[in-house]
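This briefing takes up the enclosed spaces of one protein model, and then turns to a strand that borders one of them. Please have the sequence and the coordinates open while reading.

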Amino acid sequence: MTEIRDLDGTATLAAYRDRTLSPREVVADALARIDRFGPDLDAFVLVDHAGALEAAAASEARWASGQPLGPLDGVTFTIKDNIAWAGHPMRRGSLTTSDTPATENAPIVDRLLEAGAIPLAKTTMPEFGWKGLGDSSHTGSTRNPWDTRTTTGGSSAGAAAAAALNLGLLHIGTDGAGSIRIPAAFCGVFGLKPSFGRVPAFPPSPFGPVAHLGPMTRGVRDAALMMQAIARPDPRDMAASLTEPPDYLAGLEGGVRGLRVAWSPRLGFATTIDPEVARLTEAAAQRFADLGAIVEEADPGFPDPIETLNGIWLVGAWCVLRGIPEDRRGLVEPSLRAAAERGREITAPDFVAALNARGALFTAMARFHCRYDLLLTPSLATPAFAAGHLTPPDGRFGDDWLSWTPFSYPFNLTGQPAATVPCGLTEAGLPVGLQIVGPMGADARVLAASRAFEAAQPWPVLAEPHVTHRG
C-alpha cells in the first residue's frame, strides 16, 4: 500500500474524491513526520498543529458533502518566514524582529487558502534572506536531508528540506538571487522562479527589483498545481501581472519535441565548476535531444552581471539595516552588516545605472530567445557543502557566496522564469540540479520542459533524512 508520504498533490486529491484518504489523515501524517524529523533538520520556525487539524476537519466535512472549497481543498502547504500569515509572527530569520503576529495574509497565502489548501508551518531562512545559505542567528542551521552535515542552501532553506521529505505538499519560496533554485538544487527537489510579477508580492521585499515568489515541491506536477492558484493578479502589488494566468496543467505533458534548446555549461563566464556537477548536467542536457529537442551548445553572450546585481542587492541590504533601530543593529549577523555598509556607499546614480544595466541584460536575453526556446545551465557550480560556511571550505570559490551560484542571479535581473530540476547524485550521494530558463512569460513552457525531463529521468525520493550529525 502506498504511504501517504509518497503521494503528490494530484494523487492526494484523487484519494479525497474517491474517499480512500481523508484530509485529517494527511495532515496528521505530515505533522507526525514534522515532529519526528524536525530536531534533525531545523527546518521550521513554528508548526501550527491545532490550526492545521482544525482546517483538516473542515476540509474533510466539505469533501464528505461533495462540496470542496476549491481545487486545492485539503492539500497541505508551508510558508517561508518572510511571507505574512495572519495571526502568526514574521521573524524573517532575525533576532531584531518581534513576535507580533501579522494582521493580514500575503497575496500568495490568500490564494492558497481560497483554494482550500491547509497551512502547516512557517519555514526557516537566513537573516532577511540576504544569502544563499540556510543558517540564521534566530533559528540556527537548517540541515540538508540528503546528508545533515551539509547545508540546504537558501534562502528558502526550510522549504527545500520540507519538500525533500514531503513534509507538506506545497512550499512557498522566495528568490532574489537564487533563493528558490539554490536550496531546491541542493536538496533534490523542484523549484520555479516564475516570471517577475507573475506571483504578486506584499509587503514588498527590500530587494524588490529582483525579488520573486514561487513554488518549491517534490515534483513538477505539484508546482504546476500550485501555480494555478498563486499566479493570479492582486491589487496590492504594483508590479504584479494584470492578466489571468494560463492553465499550467493543460500542456504540462506536452514535452519538448521540436524545441530549440541552448546548453550553456558555463554561461560564458563561470570560471569554476565542480567536475561532478559538470558531468551530470552535461548528460542531463543531452537527454533533451533524446526527448526530441534540437540541442546546441551556445552562450547568451553577456559578461558576468555580478556588479549589476550588487548595485541592487547591496542597496537592499542597506535598506534592511537602516530600518532596524540602532540599538538593535548589534544583533544583526556581521556579514549582513558588512554587505549593508557596502550598499550604503552606492550612490543614487549608480543604483539607476544598475537598473539600466538590468534592462540591457533583459534585451540581450530576449534576443537570444528569438533563436532558442529554452536555455539549460547547471543550477549551481557545486553540490551542497558543509553547513555553517558561506562557501565550500576547500577555498575553490573564495569567500563570496555568490561565487558558487553564477547561474542563478542573472535571471533575477532579467525576470525570466527559471527552474531547477534534479538530474543526478554525486558519488557522495548529494543532489545536483539542472536549470531550465525560458523567455519572459513562458512559465508554462518551463514547467512542461521540467516535467518532460522528470518523466524521462525519475528521481529517487527520501523517506527520512540521512542523519550524519547530532546537535
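**Internal cavities and strand β15**

By class, five nonpolar, four polar and three charged residues make up the lining of the largest cavity. The model is a predicted one, and a search of the whole structure finds two cavities of 30 Å³ or more. The second largest cavity is lined in part by strand β15, whose surroundings are described after the cavities themselves.

**The largest cavity**

- The volume of the largest cavity is about 70 Å³.
- Its lining includes Ile4, Arg5, Leu7 and Thr12, together with Val26, Asp29, Ala30 and Arg33, while Thr76, Asn166, Gly168 and Leu169 also take part.
- Helix α2, which spans residues 23-41, provides the largest share of the lining of the largest cavity, namely four residues.

**The second largest cavity**

- About 50 Å³ of space is contained in the second largest cavity.
- Lining the second largest cavity are Ala185, Phe186, Val277, Ser379, Leu380, Thr382 and Pro383, along with Pro431, Val432 and Gly433.
- The lining of the second largest cavity has seven nonpolar and three polar residues, and no charged residues.
- Two elements, α6 (181-187) and β15 (431-437), each supply at least two residues of this lining, and β15 gives the most, with three residues.

**Burial of strand β15**

- Because seven of the seven residues of β15 are buried, the strand is largely enclosed by the rest of the structure.
- Pro431, Gly433, Gln435 and Val437 point one way from β15, whereas Val432, Leu434 and Ile436 point the other way, and all of these residues are buried.
- Pro431, Val432 and Gly433, which line the second largest cavity, are thus found on both sides of the strand, with Pro431 and Gly433 pointing one way and Val432 the other.

**Strand partners of β15**

- Strand β13 (residues 374-378) runs antiparallel to β15 and is joined to it by four bridges, and within this pairing Leu375 stands opposite Val437.
- Strand β14 (residues 418-425) also pairs with β15 in the antiparallel sense, over seven bridges, and here the bridge partner of Ala418 in β15 is Val437.
- Val437 of β15 therefore appears in both pairings, opposite Leu375 and as the bridge partner of Ala418.
- β14 and β15 form a hairpin with five residues between them, and in the turn Gly429 has a positive phi of about 80 degrees.

Terms used: Residues are numbered from 1 along each chain as its sequence is written. This is a predicted model: local features need pLDDT of at least 70, side-chain atom pairs count only at pLDDT 80 or more; totals for chains, interfaces and linings use all residues. Side-chain values use heavy atoms; hydrogens and water are left out. On a 1 Å grid over the protein atoms alone, a cavity is a set of points where a 1.4 Å probe fits but cannot get out, and a pocket is an open set with protein on both sides within 12 Å along at least five of seven lines; lining residues have an atom within 4 Å of a point. Grid points are joined across faces, edges and corners, and a volume is the space filled by probe spheres set on the points. Ala, Val, Leu, Ile, Met, Phe, Trp, Tyr, Cys and Pro count as nonpolar, Asp, Glu, Lys and Arg as charged, and the others, Gly among them, as polar. Buried means under 20% relative accessible area, exposed over 50%, partly exposed in between (1.4 Å probe, protein chains only). Two strands pair if DSSP finds at least two bridges between them.
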